[in-house]
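Dear colleague,

Please find the structure below, handed over for your records. My notes on it follow.

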Amino acid sequence: MIDHDNAYGELIGEDDHGQWAFGTSFDDPLVGVDTTVPEDVDRSALARYCLMLGDDALISSHRLSEWCAHAPELEEEMALANIGLDLLGQARLLLARAAAADPTVVPFISETSPVPAEDALAFFRTESQLRCVRLCELDNGDFARTILRGLVFATWRLAVFARLRDSRDPVLAAVATKSVKELTYHRDYAARWAVVLGCGTDESRRRMHDALTFVWPYVTELFVPTEDELTLSAAGMGVDPRGVRDEFDSVIGRVLHAAELAVPQSVSAGSVGGRAGRHGLHTEALGHLLAEMQSVARAHPEGSW
């Protein structure tokens with residue numbers, strides 16, 4: 001029997017499919033963890049912060065799922081799918097935490113809806129309600145672009161989550177501890193392919209250069225903190241992304257050097273009054289992605305899967 005009143009129940013059920021909630025490794029990171037929200041925390045800020053991190057993973061996961069049956073080799077199709085599953089597991093835990101911290105963030109479907117809170121957050125929010133950085137929503141393009149986007153994303157997220165392991169929120173700390181292991185693989189997988197493609201043929205090198213040109217304008221946004229990030233960082237709950245920029249630059253610089261590619265000059269995709277993906281302002285690509293990702297759930301809003 002599924003307990004739909006428990007935001008974590010869907011993630012740790014004893015059914016035959018429970019392991020898929022956690023991506024490619026099947027251990028439950030919340031075993032023995034006190035999931036009570038600390039009393040002195042701003043619950044609304046914590047919920048918004050979890051939505052940011054969860055949306056990054058959710059949208060990145062869906063982008064990777066689009067490679068199924070389209071990757072250049074079967075081995076790479078499996079690798080991309082597994083990375084997507086890892087990120088989906090992170091998204092479910094973080095969206096569930098957001099709902100537990102502040103139930104008002106969960107979209108209302110109906111009084112009798114069987115949809116779990118994390119699913120409602122994934123499938124019943126509009127484009128302007130998502131808080132992912134714009135990097136996550138960029139079209140896959142070719143394999144080189146997906147690799148470069150994945151390298152940037154995993155390097156940045158790994159640096160953030162490594163610090164998030166010390167969060168005063170026990171759930172965030174537990175999720176981060178598990179995610180660091182996954183993100184280390186994601187980063188190293190992308191880095192190896194970046195070197196192979198950058199040092200490969202003239203064509204693969206050209207494609208990596210084009211990928212850099214396309215992706216790099218969205219890097220600056222990763223290190224612009226929101227008020228919630230600053231508030232929670234000061235409270236020992238979250239991470240100020242500005243603090244990971246040096247580590248990011250060092251890792252990316254070493255990978256691009258090995259790949260015989262130059263670090264692009266600092267350019268930015270810009271924002272609207274200082275607002276971007278974290279504030280619900282996205283690229284056109286996200287609307288098309290959500291139309292596909294949310295279509296089944298919105299066609300059957302009372303469905304139970």
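To begin with the first helix: in which helix does Ala47 lie? Ala47 belongs to helix α1, which covers residues 43-65. Please bear in mind throughout that this is a predicted model.

Ala47 has 0% relative accessibility and therefore counts as buried, the cut-off being under 20%. Leaving aside neighbours within four places in sequence, Ala47 is in contact with Ala98, Ala101, Asp102 and Val105. For one of these, Asp102, the C-alpha to C-alpha distance from Ala47 is 5.8 Å, although 55 residues separate the two in sequence.

As for the helix itself, 19 of the 23 residues of α1 are buried, so that the helix is mostly covered. Its N-terminal end is capped by Asp42, where a side-chain oxygen lies 3.1 Å from the backbone nitrogen of Ser44. The length of α1 also agrees with expectation: because each residue should add 1.5 Å, its 23 residues should span 33 Å, and the end C-alpha atoms are 32 Å apart.

Beyond α1, the chain enters the loop between α1 and α2, where Ala69 is found. Ala69 is not a glycine, yet its phi is positive, at about 75°. With a relative accessible area of 63%, Ala69 is exposed. A second positive phi in a residue other than glycine occurs at Glu260, where the value is near 60°. Glu260 is placed in the loop between α9 (245-258) and α10 (284-293).

I turn next to the interior. Which residues touch the most other members of the largest nonpolar core? They are Ile59, Leu135, Val152, Trp156 and Phe161, in a core of 86 residues. Helix α5 (residues 143-164) supplies the largest share of this core, with 13 residues. Leu135, taken without residues up to four places away in sequence, touches Arg149, Val152, Phe153, Val215, Tyr218 and Leu222.

The structure also holds 4 cavities of 30 Å³ or more. The largest cavity contains about 190 Å³ of space. Its lining is formed by 15 residues, of which Leu64, Ile83, Thr146, Gly150 and Phe153 are the closest to its centre. Two or more lining residues come from each of α1, α2, α5 and α6 (170-198). The most are given by α5, with 6 residues.

Tyr185 is located in helix α6. Is this residue buried, partly exposed or exposed? Its relative accessibility is 35%, and Tyr185 therefore counts as partly exposed. Not counting residues up to four places away in sequence, Tyr185 touches Ala79, Ile83 and Arg192. The C-alpha atoms of Tyr185 and Ile83 are separated by 8.6 Å, with these positions 102 residues apart along the chain.

Finally, Ser113 sits in the loop between α2 (74-101) and α3 (117-123). Despite this loop position, Ser113 counts as buried because its relative accessibility is 19%, and the limit is under 20%. The side chain of Ser113 reaches the backbone nitrogen of Val115 at 3.2 Å. Setting aside residues up to four places away in sequence, Ser113 touches Pro301 and Glu302.

With kind regards

Note on methods
Residues are numbered from 1 along each chain as its sequence is written. This is a predicted model: local features need pLDDT of at least 70, side-chain atom pairs count only at pLDDT 80 or more; totals for chains, interfaces and linings use all residues. Side-chain values use heavy atoms; hydrogens and water are left out. Helices (H or I, at least four residues) and strands (E, at least two) are DSSP runs, numbered from the N terminus. Buried means under 20% relative accessible area, exposed over 50%, partly exposed in between (1.4 Å probe, protein chains only). Contact means heavy atoms within 4.5 Å. The expected span of a helix is 1.5 Å times one less than its number of residues. A polar contact is a pair of N or O atoms within 3.5 Å; within protein, one must be able to donate a hydrogen and the other to accept it, and residues adjacent in sequence count only if both atoms are side-chain atoms. A nonpolar core is a set of buried Ala, Val, Leu, Ile, Met, Phe, Trp, Tyr and Cys residues joined through side-chain atoms within 4.5 Å. On a 1 Å grid over the protein atoms alone, a cavity is a set of points where a 1.4 Å probe fits but cannot get out, and a pocket is an open set with protein on both sides within 12 Å along at least five of seven lines; lining residues have an atom within 4 Å of a point. Grid points are joined across faces, edges and corners, and a volume is the space filled by probe spheres set on the points.
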